[in-house]
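Colleague: I would like a close look at one part of this model. Please start with a single residue, then work outwards to whatever surrounds it. Keep it brisk.

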Amino acid sequence: MKPFSFSRIGVLVLLLAGLGMIVSCSRSSFLDKKPNTTLVVPSTLADFQALLDNTAVIGQVPVLGEISADNFYAGNNSWTTLDVAEKNAYIWASDIFGGQGQDQDWDVPYQQVFYANVVLEGLPGVRVDSSNVTQWNAIKGAALFTRAFAFYNLAQLFAPVYDSATAGTDLGIPLRLSADINAVSVRSSVQQTYDQILYDLHLAETLLPSAVPFYNRNRPSLPAAQALLARVYLSIRDYANAKLSADSCLQTYPGSLMDYNTLDATVSYPISKLNTETLYQANFLMYTQILAGNFYQQCVIDSVLYQSYASNDLRRVIFYRTTSTGSPYLKGSYNGTAYLFGGLAIDEVYLIRAEGRARMGDYNGAMADLNSLLSTRWRMGTFPGFSASTAAEALDTVLLERRKELAFRGLRWTDLRRLNKEGYNITIARNPDGQIHTLKPVDLPLYTLPIPPDVIAFTGMPQNPR
Amino acid sequence: MGFIKTVLLVLLSATCLLEGTTVYCQSTAPTSFTLTEKNASLQKTLTDIQGMSGYTFVGEGDWPKMAHLLSFSVKNVTLKQLLDTCFRDQPLTYTLKGTAIIIGIRPLKEEWVHGYVQDTNKQPLSGATVYIRGSPSEAVTTKENGEFRIRTHYTDAWLVFTNFNFETRQLQPEDGKDLIVQLKDRIVELTDVSVMATVHTGYQTFNKETATGSFSKVDNELVNRRVDPYILNRMDGVTSSVLFNKNLVSGSNASAITIRGRSTIFANPDPLIVIDNFPYSGDVNNINPDDVESITVLKDAAAASIWGAFSGNGVIVITTKKGRYNQAPRLSFNTSLTVGQKPNLYYQPILSSNDYIDVEQYLFHKGFYNQQVNNPQHLALSPAVEILYADSLGQLSHADAQTQLDALRGQDTRRDLDKYFYRHSLNQQYSLQLAGGGTRNQYFLSAGYDRDLSNLVRNEYNRITLNGNNTYCLVPQKLEISTGLSFTSSKMYNNNSGTISTIYPYSRLADANGNALSIPYQLRASYADTAGGGQLLDWHYRPLDELRNADNTTGLIDYRLNIGARYTIRKGLNARVYYQYGQGSTDVQNYQSQLAYSTRYLINEYTQPGPGGTFTMPIPLGGIFDDIVTSYQANNIRGQLYYDDSAIAGGILNAIAGAEMRDVEGNINTTRLYGYTKGEASSMAVDYVDVYSLYSSGQQTRIPYLDQKTGTSDRFVSYYTNAAYTYRHRYILSASARRDESNLFGVKANQKGVPLWSVGGAWEVSKEDFYHLSWLPFLKLRVTNGYNGNVDRNVSAFTTANINNINNIYGATNFLIVNPPNPSLRWERVNILNAGIDFSTKKNHVGGSLEYYIKSGKDLIGQSPVDPTTGVVQFTGNTSDMRANGIDLTLHTNADIGRVHWNSVLLFSFVRDRVTTYKASLGPVINYFYPGTPNPLAGHPLYSVYAFRWAGLDPQTGDPRGWLDGKITNNYNNVLNSSDLSNLVYKGPANPPYFGSWRNSFNWNHWEVSFNIVYKLGYFFRRNSISYTSLFSGISHGHPDYERRWQKPGDELYTNVPSMTYPANLSRDNFYQYSEVLLEKGDHIRLQDLQLSYDILRNNVHRLPVRSIRLYGYANNIGILWRANHQGIDPDYIMSIPNPRTLALGVKVDF
């Protein structure tokens, strides 16, 4: 047999090594190809915009507040079939979640915060120059707006009503300001909560474009930030600043109110989502059963509310319709879909300025704002025009019209919280199961929802007393 | 590495010891002889023997010149054995007298021996060499029909039969009889009793004898035993440790085939399928089983780790047929016809029409339908509810209503379905093959055509396969080039889903003349009748017309191109290069003409009323054409060195090393055309941007936009080596190592790779000198350990976002974050320890193997829950572990009962897998019941059957009762939502831990009968029962358990079916559905199939115009022999209808 030929083997090993080197040189570029064209590591402005354009996450607002408020009743035994959190929130039960975690009213706003933080942390990696500075600023402003909006919505449910005397010690919500999921969630104080919201919004004011987009209404603009500021100031009863912000908003956005006479009241969704009043589009979380399109008939409008609309008030037919037995139910709202509008619109800003003016003693100014708004709401030529002779009278009129104009916008719960803090003494009662449940103004703990049990279990943060 | 070194040292020192013993024996025991001769004369050899033993020798005549030269090596043999070796095949004989060896001349007896050489398929083998042992010069070759004639010179001469591609055999001819000799594939020298098989790993082919790893092989005979157009089905029930899972639930990440249990949770669970050396990227159903030579299943680390990161679920290697050198062209034709029964539509129990209408009446009187009746969206009501409603309004007299309801009570949708939607299935297969080769080339060509008319009317599958491969020996002994081309084209007609879109069980689909009838669906009949005042398209749903008008086809084209070269550098060392290009596309074309309900529905819904009673139609008239094209292109290239030498330290070294690159690019294109009319090829633009109010509900929405294009790219670079060293034919040591690198997304380059390895050893005890068990002449022990891998390409180390399929409500592209950053991401690994025994008794009467293994899945991708305040609810990472252990037993027996040869193979597998670490809690116990996801719980199998403890029905109300924290309760919410897992009872695995088959075949003359019995034992399933919630809401058909429901106190003594309540309580229904009373044992034994064949050979029938004809029949899905449940449920078909029985007849002709 031939002796083992080392020279030939050697040549071969060299050849193979050479081949290996060629492979190694090209392999890093070979292996750099994306495994799926639908996968992205967000790193460009377009990527960040696409994250903020995810309206299935970003444009969603909690529903448990509206369910706890007094705009509707669950008809036809529908209460029994509701999801556990909706069912318990409806009767202000002390336990809302029945031991179930993954509550969307908590999780989705924090998901929005996470998206906003991913964008805010990614933006410094994008070089700013004259060609992209406007977009860069707009995206940063939008992320700040998104985070503030989420924090605000969370605070309305899970933090106690703002009280300047105790806000420094009352427990607010966790303020997550980084996308790092390893950071521990800790509750801030109520004061810190609102300070952060206001800080983010005022910073956003300096960055956002002043025009409301005609089409992409999910993208925040300066007027939207100003409207949100007005809403936040109103919720902490800083009426002077609320009026100021509302005023700047109406100056930045001179867009017109819709004349309801031009709407077709016979169709299911008379108001288009691209209407002239909408500043920022958002809608209620889609898990809701009682406040979604298919259930509208079970969502019976509170009769006091329904009767408060005059017969020539077009909102009676634009907002509502009646079943064959005459019971009024929802028709849909400012976004033309089965999910209720939870965003910002100019009518709310008029009402905030009117309330601010009334509270500042400017009752004529308040009535002027109110009349500008309501003249577009009544049947052509029938609007009587409102007037007031005292600030208190003006305030009462504004608050009543506020309830009528902004019903089912997710605002009533916050109003109940702040008005009862001021002694308005509004008591709500419900009877879905043969027992009468009431929510009295003195039941302060019931105005703050408990934090979902899984969050408590993970973080050990203190629970709200209930 | 330390471990490998230690093993090497131990084995080396063991072999040294054995050598030492031999030397010692030789010097002290003169009665045993050890002697090696090389090309020595007999005389020299006898002189050597004389020196060792003192025996002298003497002979007659010129014997030293007559004797052949001798080359042999013997150890510790007796003198007689030694002399037998020396005089074997000599023209001389010897006798012992005292201490003298007397040499005589063997008496001449000239004789002709006549016979035929065949392969194991009884195909004649031409070009085989036949010679007399000891006189290779006197050789003849077999003719085209395998016939040979050779002249022998002595009475007890041995004949040797060899052929390049076959194992050599030696036989002694019997007087005057034709000798029929069958040769097995491949040349390997082995003892008669060995369990011979070659195995293909996709990288190399070797004899199973020299393997340390665990392989199962489905040989050609077994591949052909079953008549089925799909290759993988032919493995079902005949392959050890391979479980075919039925009852797959989508979303649960279960695989249709598992090899040795489960070792991943969320990553790909499917075994790797290798065809012609490379992983196959297309659909394995494209392979024509007639083109398949054999299938090898690689089960343990030593066998499969050569496939590295792809091998964690086992590997199935499909080897296609090739030609042979020196073989005359051989043409064969095979055809079969399979007829199947209609499926039994009554197998899945549903509520009778009578009971269903009773329930509807009950609900109607409770006011259940009021909401629907008044709904402004005009939701459909069932015919019975419409009658009740009309009755309640006085539009119909009570008597008329009753008559109409009674008519419905007598109807059953399944009658019409059976009549118009189902038929007997008919499957035709044809294949033609040509194989052969000269001295310098070999070739194989085949063409196949399959036509499958399924049980569903208007559904059909047609497949054409073409295959050709050639091997050219360009430079003899040096360079061989091979090429191959495989082509598949198929068309599937998918016009019938076998069911209709409505739930109520009393639909009539056709009138007496077979004309389609409309039934209420989506919209109320009264609304569909009048909507649009005649200006809209017909808005009725007619299932039979849907069937008749459907035009949904899937066209497929797939081909593979193989090029390979083998260059022999020196004897035992060669270099190989393989390249394979594969490309395939499937094109799903669904043309929904304007006659289709879905098209009419869309056009109508988007119709916009204009001023003055006019209409505009944003979705144009005409059909809608959906087209989904899925395609792939695969490039594989591999360079490999192959080393095979028997001269290394007295042993045989077998080694390969190589590198390969693999790139599979996939594309999916989805398009939709509106206003399309087939044949005119014109479509119309629609406005995807504006929002329209839907006609029936007023809801605002845009026209569905489906166009989409996505691409995937799987790239790998791998380096591998595999070596086996066989010493003295009995000690085998194997080792392999492989590194895979991939374009895993967002991972740093040094984390893109994973190194995997294996080591193994085997010991053929029966070859040892001290081994004397004559009844068990073959015994081999082996053990291996190593790592296989698995890829989950959905995770990443960076924050990754996915482009949402759906644009947002403003039409903007948007991203969904799928992954928070995970810098410590690793690949999944599976450690497998395997120990086995192979054995065989004398003449292979009983043989088989027994294996034990432990599989440990490590660093498995799993989810762990995270504080949702972070913005992420669950985090996906390397957080889980699994462990499986099991036993595989294969036992085959051979026996002759009179003239009948009986062969039986028993397969038994036991596997128990369980999740050992899983950090996420699924939360409330109810989540462990959800079938649509994997529900891992540490300590139990991934697919487990859990239940709630049952405390009987409440004697007062008929409510089901359960246990919570040790107390009887009917608070179902608390039971379902408890997070205390002690309220969950683990009943057993959902997949059978014991399974296998027992196959028997009987051969008599040219007849063969075989049948296969398969069994699955030791597992549980949950049977269906009544859920009032889903019955009321029209989601399910209900269940006849309804008739056994609790109705009055006392009923609880003989029934467990809860009373009907209104409104239905979902938690109550769920509790009952998941309680232990609805669990059944899945154990069953099935007579899977029966096969019968008869061979007519020209050797027997001389007037036969062809070489041979095989006639065969095959009956499949014959029936269950025994089952543990008493509900009449076939545990392989819990939610579906059992595969109907089929009967196939076929003929195979060899020309």
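Modeller: Helices (H or I, at least four residues) and strands (E, at least two) are DSSP runs, numbered from the N terminus. With that, Ser252(B) can be placed in the loop between strand E16 (242–244) and strand E17 (257–259) of chain B. This is a predicted model, in which local features need pLDDT of at least 70, side-chain atom pairs count only at pLDDT 80 or more, and totals for chains, interfaces and linings use all residues; side-chain values use heavy atoms, leaving out hydrogens and water. Residues are numbered from 1 along each chain as its sequence is written, while chains are lettered from A and ligands numbered from 1 in the order in which they are written.

Is Ser252(B) buried or exposed? Buried means under 20% relative accessible area, exposed over 50%, and partly exposed in between (1.4 Å probe, protein chains only). Ser252(B) has 4% relative accessibility, so the residue counts as buried. What does Ser252(B) touch, leaving aside its neighbours within four places in sequence? Contact means heavy atoms within 4.5 Å. Ser252(B) is in contact with Pro931(B), Gly932(B), Thr933(B), Pro934(B) and Tyr943(B), once neighbours within four places in sequence are set aside.

Next, Thr710(B). Thr710(B) sits in strand E36 of chain B. Its relative accessibility is 17%, so Thr710(B) counts as buried. Its contacts, without neighbours within four places in sequence, include two residues of the other chain: Thr37(A) and Thr38(A). Gly666(B), Asn667(B) and Ile668(B) are also in contact with Thr710(B).

That leads to the interface. The contact takes 71 residues from chain A and 65 residues from chain B. Buried area is the accessible area (1.4 Å probe) that two parts lose on being put together, summed over both. Between chain B and chain A this area is about 6300 Å², and carbon and sulfur atoms give 61% of it. A salt bridge is a side-chain nitrogen of Lys or Arg within 4 Å of a carboxyl oxygen of Asp or Glu. Zero salt bridges are found across the interface of chain B and chain A. Nine residue pairs are in polar contact there, both residues at pLDDT 80 or more. A polar contact is a pair of N or O atoms within 3.5 Å; within protein, one must be able to donate a hydrogen and the other to accept it, and residues adjacent in sequence count only if both atoms are side-chain atoms.

Which elements give two or more residues to the side of chain B that touches chain A? Among them are helix H8 (370–374), strand E27 (552–570), strand E36 (708–727) and strand E37 (731–742) of chain B. E36(B) gives the most to that side, with eight residues. By class, the side of chain B that touches chain A has 30 nonpolar, 25 polar and 10 charged residues. Here Ala, Val, Leu, Ile, Met, Phe, Trp, Tyr, Cys and Pro count as nonpolar, Asp, Glu, Lys and Arg as charged, and the others, Gly among them, as polar.

Over all chains, the structure holds 70 salt bridges. One of them joins the side chains of Arg738(B) and Glu660(B) (3.3 Å, N to O). Arg738(B) lies in strand E37 of chain B and Glu660(B) in strand E32 of chain B, so the pair ties together parts 78 residues apart in sequence. Arg738(B) and Glu660(B) are both buried. In chain A, the side chains of Asp369(A) and Arg353(A) meet in a salt bridge (2.8 Å, N to O). Helix H13 (residues 363–374) holds Asp369(A) and helix H12 (residues 346–359) holds Arg353(A), so this pair ties together parts 16 residues apart in sequence. Asp369(A) and Arg353(A) are both buried.

Disulfides can be dealt with quickly. A disulfide is a pair of cysteine sulfur atoms within 2.5 Å. Zero are found over all chains. Cys249(A) is buried because its relative accessibility is 0%. Cys299(A) is also at 0%, so Cys299(A) counts as buried.

Last, the whole chains. Chain B has 17 helices and 57 strands. Of its 1151 residues, 54% are buried. Its C-alpha atoms fill a box of roughly 125 × 70 × 60 Å along the principal axes. Chain A has 16 helices and 13 strands. Of its 466 residues, 58% count as buried. Its C-alpha box, taken along the principal axes, is roughly 115 × 55 × 50 Å.
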